[in-house]
Amino acid sequence: MSRAPVGVIGTGYVGLVTAAGFAELGSEVWCVDVDEAKIAALRAGQIPIHEPGLEEVVAEQRDRLHFSTDLGPALEHARLLLVAVGTPPTYSGDADLSAVLAVVDSLPASDRHALVMKSTVPVGTGTTVRRLLADQGKGELAYVSCPEFLREGSALRDFRHPDRVVIGDDGGWAGDAVAELYAPLGAPAIRTDVSSAEMVKLASNAFLATKISFINEIANVCEETGADVVEVARGMGLDGRIGSSFLHAGLGFGGSCFPKDVSALKQLAGNSGYHFQLLGAVIEVNELQKRRVVAKLEKHLGHLVGRRIALLGVAFKPDTDDMREASSLVLSARLLAEGARVHAYDPVAEERARELMPGVEFSQTALDALAGADAAVLVTEWPELVGLDWSRAAEAMGGSLVVDGRNALDPGAVRAAGLTYEGIGRP
Ligand code: UDX
């Protein structure tokens, strides 16, 4: 059976993975982006982001994937236009919708096309967009909210195996067409109104971020009381009402979604006159969590002036080169401000990190970064770093302190190498 062709506007993380995923399911996919260099690279088979498996799928599906800076081919071939453009935060904490609105402006009047919003947008955006379309004489264009839940580093797997597909529309052909598009994935479809679909996305991310800040606070109390947060999370997680995922204490959450979406939801509530107290605390806990490592280092090293600190990993999480809101940014800046000499190693994020972390010396290997270091901090739990040979690390280091910022190391293996282990919320 032939599958409906789709247009994908915006070839960032979500757009590119979604395009590759639908191509794999058998659709012709017409990708559009305003960035000419990016489109030229994609046409040449070059993938601008590090995402496991993506390059291979794009190569396999190259006959079905079409890239253009022009909206024309997508409009000609596809009825569903999936919008996956960026919605970064503004200074006020609101989402910047200029890219979404530029897409709206660029569309012609049509009763055979639908805008399918994959970008994370504030609740009410669907209403605003439909009002705009009507004002521009394009009210026949259908609108569907279909938020995306994929995670970086496991984006293709998340596309192929979604927990649910949320489809918000106000009746008409487009919602059913989107449901049909996703049907082969076999996930439960949540059919609802546009505003509720928009809220599902923001509330889900805010809830997961809350879970992380919660376990980070438990970890901080564990440090004062002698309990081990890893054991505590294991014991809590087996309660089916709690669940074990997103209970991993560490240096706080980063990335392109959680920090932005928590702020956006708090801001959205505030704009409508409601003070969302809980989310204020979630953000504050997360900010403090990145900085607590400095106190841990000072506890062992005294002052940090002239001390050499090795940051192992700088990406906001493993399997990505994304540096957006990475905990390493705040941590390295704090360390430099305390007078430390900061060395760093990351298997893929170095290029992006370099310009964001002035004053930090990058090394080509973990052992080079560790050479002469007074302390090492595991910032990103890359398998390569978790599996480091700690005897060799101990030989390379000048001091003996290892701060495991992700509770990902085997404390026994670190201690067996003669090093001092400090986790987050561990005795
Ligand atoms: C997140 C959502 O999970 C995804 O559904 C949404 O579409 C986009 O935002 P992502 O940002 O790619 O995905 O990564 P995720 O794996 O969720 O991790 C986010 C951050 O939380 C990372 O910095 C990670 O280190 C941190 N984290 C995650 C914890 O500190 N503890 C945990 O238990 C889980």
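This is a short tour of the two domains of a predicted model, their contact and two of the cysteines. Local features need pLDDT of at least 70 and side-chain atom pairs count only at pLDDT 80 or more, while totals for chains, interfaces and linings use all residues. Residues are numbered from 1 along each chain as its sequence is written, and side-chain values use heavy atoms, with hydrogens and water left out.

Select residues 6-192 for domain 1 and 258-422 for domain 2; these bounds come from an automatic or database domain assignment. The domain centres, taken over C-alpha atoms, are 34 Å apart. In the contact (heavy atoms within 4.5 Å), domain 1 supplies 18 residues and domain 2 supplies 17.

Next, show the surface between the domains. About 1200 Å² is buried there, 48% of it on carbon and sulfur atoms; buried area is the accessible area (1.4 Å probe) that two parts lose on being put together, summed over both.

Now select Glu152 and Arg324. Their side chains form a salt bridge at 3.7 Å, N to O (a side-chain nitrogen of Lys or Arg within 4 Å of a carboxyl oxygen of Asp or Glu). The count of salt bridges between domain 1 and domain 2 is one.

Finally, select Cys146 and Cys257. The model has zero disulfides (pairs of cysteine sulfur atoms within 2.5 Å). For Cys146, the closest cysteine sulfur is in Cys257, 15 Å away, which is too far for a bond. Cys146 is buried (under 20% relative accessible area, 1.4 Å probe, protein chains only) at 0%. Cys257 is partly exposed (between 20% and 50%) at 26%.
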